[in-house]
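I opened my notebook to look at how some chains meet and how one residue is placed. Have a look along with me.

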Protein chains: 4
Amino acid sequence: MNSFGRLFRIHIFGESHGPAVGIIIDGCPAGIPLSVDDFQYDIQRRKPTKKAGTPRTESDTPVIQSGVFNNHTTGAPITIFFVNHDIKSNDYNGFQQQPRPGHADFVASKKFNGFEDYRGGGHFSGRLTLCLVAAGVIAKKIIQKNDKGINIHVQSKVISVGGCTNVEEGIQKAIDANDSVGGIVECKVNGIPVGLGEPFFDSVESALSHIVFSIPAIKGIEFGKGFAAASMFGSEHNDVFIDVQGTTKTNHSGGISGGLTNGNEMVFRISVKPTSSTPQSQETIHLSTGKIETLEIAGRHDLCIALRVPVVLEAVTAIVLADFILMS
Amino acid sequence: MNSFGRLFRIHIFGESHGPAVGIIIDGCPAGIPLSVDDFQYDIQRRKPTKKAGTPRTESDTPVIQSGVFNNHTTGAPITIFFVNHDIKSNDYNGFQQQPRPGHADFVASKKFNGFEDYRGGGHFSGRLTLCLVAAGVIAKKIIQKNDKGINIHVQSKVISVGGCTNVEEGIQKAIDANDSVGGIVECKVNGIPVGLGEPFFDSVESALSHIVFSIPAIKGIEFGKGFAAASMFGSEHNDVFIDVQGTTKTNHSGGISGGLTNGNEMVFRISVKPTSSTPQSQETIHLSTGKIETLEIAGRHDLCIALRVPVVLEAVTAIVLADFILMS
Amino acid sequence: MNSFGRLFRIHIFGESHGPAVGIIIDGCPAGIPLSVDDFQYDIQRRKPTKKAGTPRTESDTPVIQSGVFNNHTTGAPITIFFVNHDIKSNDYNGFQQQPRPGHADFVASKKFNGFEDYRGGGHFSGRLTLCLVAAGVIAKKIIQKNDKGINIHVQSKVISVGGCTNVEEGIQKAIDANDSVGGIVECKVNGIPVGLGEPFFDSVESALSHIVFSIPAIKGIEFGKGFAAASMFGSEHNDVFIDVQGTTKTNHSGGISGGLTNGNEMVFRISVKPTSSTPQSQETIHLSTGKIETLEIAGRHDLCIALRVPVVLEAVTAIVLADFILMS
Amino acid sequence: MNSFGRLFRIHIFGESHGPAVGIIIDGCPAGIPLSVDDFQYDIQRRKPTKKAGTPRTESDTPVIQSGVFNNHTTGAPITIFFVNHDIKSNDYNGFQQQPRPGHADFVASKKFNGFEDYRGGGHFSGRLTLCLVAAGVIAKKIIQKNDKGINIHVQSKVISVGGCTNVEEGIQKAIDANDSVGGIVECKVNGIPVGLGEPFFDSVESALSHIVFSIPAIKGIEFGKGFAAASMFGSEHNDVFIDVQGTTKTNHSGGISGGLTNGNEMVFRISVKPTSSTPQSQETIHLSTGKIETLEIAGRHDLCIALRVPVVLEAVTAIVLADFILMS
């Protein structure tokens, strides 16, 4: 469903070309300073780049509807929405009949019997990640410098694009090929206390991967050595403790043991598929005629959506950690 | 927490060296034929192999405590437990002070202030996956030949061990090195209807990865092309529809679009780290003295825990799909 | 928390004197016809009466932000909010220091460390029941004439005011005494299928009472004979079956057996306390000075809030039944 | 479903005449001293009285299967079950066809398509309240003398039987009439901090009534003045604050304002219907023949089930409060 979290709970809503997208943040403690300005830095980081981004321009100004009074959280649910301004829905006429490869058009239409708001991907649009970023801003405040003496720092970056570890090179490759391209995003978390995560089913990896896979276009996640661990010997992979605080000589586990944070840096990576809306012409089926036809996707799209993912990944990571910290 | 699922709900309990491990399956429809014999095939598949498995021998006989009457499910919660017989807890004395690298000993002791049952890994033990297999047997009955006309088939296998795609070769490599080794397990699901999964946060990938990462030793998951997708162009990665049922020419998405099943084969892979209890001697910290000491792990352990994972992976996959099907 | 329901899930937000109050309805099936006009009838029924109601006038116009497209539900979360227009917040200055008897002022301030939005009761205000009415309109559509052949009808009315079974008489009594007054509201539900409710903890009474007690001012609930049952013999109280459909000669159980609907009319009553904001002057403590002082409550209030409860009670009843029906 | 609670979570299972009934308590903090002896006092209080109780004798010995090690809770789920010994299932043959008035026989059979375990009421049996008592013992330890300085005391008693405020008199009335009889049970809670309860939907009254109505035979609940409040004026009903700690002159609200505990004594009452299994002969329908027939209920039953409710009511109250305290 459209809810996530146990104590720090978020509920997301909205469609790409509807009136607005938004989010309720429930369970946020009272007394946290919060104003519209606090959202600007992270929202700005999510904006498309000039070189490889969509030409759709949205102000992305957060409108706070509830839960904030005198510039502090009140303990009541915080509702934030973002009005959709720059909508060109006509670009999307016909996609119910000619489903775009890689997109949710086909499955959404089957699931919702044709009643789905198909414009711009509707509720499946990457635009909803803007709401995650907003919730992440609040979550970061909870996990940083809080009164339990915790000061967690989350940082994400793109580490490869289109197979190139030089991001610029990968983007240029896509531009040259007139095609979209995928990428890998890494997240590192420092200052994390020992023991976050809840056995048996709410391991840190479980909670993080759960929310990570709600970000559109993500197709893989790995912690620490991840898939490379499968090729290692135990004596190689094991992280040896070197002090009584639990610091380890290596960090192959990515800072998670037995599903719980072990106090070392948390490290994980996610795979972002190439934007499905490629500038290349494609084939697809026409659902009424049953004929294969050529499809040109107008709309306005990012060449490499991975570039916009880091701040979203930080946000969902902070959301998960805020929830675990409130539970601990 | 120790619960998973929305309508088909499981609650797990028990410790490796306590009286028993077990599971409640709540939300199972009434009238499904069920007897103790039904569990034998999958339980047998989870048993350690002679060549690379632990010498601990357990009968693993399911004891049904509730929810079954006249060999049919009643609609009330089904409780199944497995008595622990072959326990040698003395092997584990001292691990609270000398935490085993790669294990949960250290984090569990910090989280539970030294009150955790540390024997054999306690509640963090891989022995609890036996309970998942039991729940999986029931989940498979729900997704196979059910009265909605659905007949889903889930099949998992090890596709590499220690970097070798020949499993035997990988095991031999571990035996020769007198070390434990990791592996990769793949799962394929056929007969799946279009549209399972619930936006925004309960995508199929979200639900599957959530429960997969509660299986001990898993460090990565990828769907379809997974991490390889990050190096591809959109025009390569996109799966082109070839008929009005949504069949696609390729299946790079692994049968999932927009977080929903698209009717094509679902394919995903997980990375299993090498068993942390390697036969090699290791170093670790002594928490009281603060000195680094050498650690020999007695206990009884699998050289390659990945070999026992396929039936567990099938089980958790069936559990997720049963829940989605009851919701649909 | 601010969420209720398992499949038909609602999330409520907003404060009496903030920008808006609103609700997300998640889990609503796609394809239900829905427009702003559909809400008018029930919203109108919740409005204050001229004789005994608050002079605050609000347009109460629902603004649909998501989940509706081409006048049908889409299957995505439906967000509805109501802008607060007629706000006189100055009336509420000082209530943090001089907590109003019977109100949440004191407990809210303790719970939220003084950060709560205290204006007009903030998030504790009866104004939020407007959102329940909106969700109820949608829930009623689900339980009426649905494709499972179910057609449930919910109807509530005030059956006593201030101890008088003639409502007019009770109101006049309050006006004459220049005081607020309580009342009892009854709800009857017809057309209900056998077997709604989920053992052990989600009995129909459990789910109904849970949401009923989130309506401000409710202090009791009883089903069927309710408290009178405690004085009866078993042979008197038992409802004898008279046909194979389960019709009973009497209906002392109020249509619920073993926590499940039994197909007979469901009947229950709730007690609504007198509006805490009485026109009478009262005493209260001044939290800074510790002195008892006299308090005159300006603000704008209903003499008998029970009069506005029936449509709210219908709404929450429909919400519970919609959830159970989607689960069945 | 068969789960209750957010952080202190319980999952109940079992049938009256199956192998056992039991409960998992998840979310219990580690380090609480716990042994089998701790359960004896409250379990003893739940036993039937000689004068008005069922002749079924069960040892009711708790078997702890998990979550306790070295006589302390470990932080892992605590599983407790009670073997069913004194079973006479033949007494229940035929009740699927001749549903007992007032019992769940008819609704259970409809809901579970005849697959329910009907023996002794199966999963609907009052025997499951034994599990609630066990969980209550642990919950009481959490809310008493805990490290947040909280020391809450819960106490329940029968305040009327069959309309008589002298309990003995009410029982004698039932014995003389050879009939079962109902009663009213009151619960008082002292030492409760200000601010427990979570707006909007998880008021203290919501949470308490939710679990109270899962106890079989309960038909009403009221807080403070309850139904009598409906006949009062606001100036009468309001509780005036007399000190800065929030003590009030009267306690008509029953210690709850705005859905939150206000620090004054919490007081509420529940109505228990007469035991449905009366010694009187009754009529019922035969579902196969459609004929009304006379029914004599053998089985073994309490004349006044209300007598056994106080310790159960204490238990569920403690369960709710433990959950709120862990959340606070």
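My entries below start with the ground rules, then go to an interface and a residue.

**Ground rules.** I am working with a predicted model, where local features need pLDDT of at least 70, side-chain atom pairs count only at pLDDT 80 or more, and totals for chains, interfaces and linings use all residues. Residues are numbered from 1 along each chain as its sequence is written, chains are lettered from A and ligands numbered from 1 in the order in which they are written, and side-chain values use heavy atoms, with hydrogens and water left out.

**Chains A and D.** I looked up the contact (heavy atoms within 4.5 Å) and found four residues from chain A and four residues from chain D. I then counted salt bridges (a side-chain nitrogen of Lys or Arg within 4 Å of a carboxyl oxygen of Asp or Glu), and there are zero between chain A and chain D.

**Asn2(A).** Is Asn2(A) buried or exposed? I found Asn2(A) buried (under 20% relative accessible area, 1.4 Å probe, protein chains only), with a relative accessible area of 4%. Next I checked polar contacts (a pair of N or O atoms within 3.5 Å; within protein, one must be able to donate a hydrogen and the other to accept it, and residues adjacent in sequence count only if both atoms are side-chain atoms). The side chain of Asn2(A) makes one with the side chain of His123(A), at 2.7 Å. I also noted a polar atom of the Asn2(A) side chain 2.7 Å from the backbone nitrogen of Phe200(B). Leaving out residues up to four places away in sequence, Asn2(A) touches several residues, including Ile10(A), Pro199(B) and Asp26(C).

Notes:
Buried means under 20% relative accessible area, exposed over 50%, partly exposed in between (1.4 Å probe, protein chains only).
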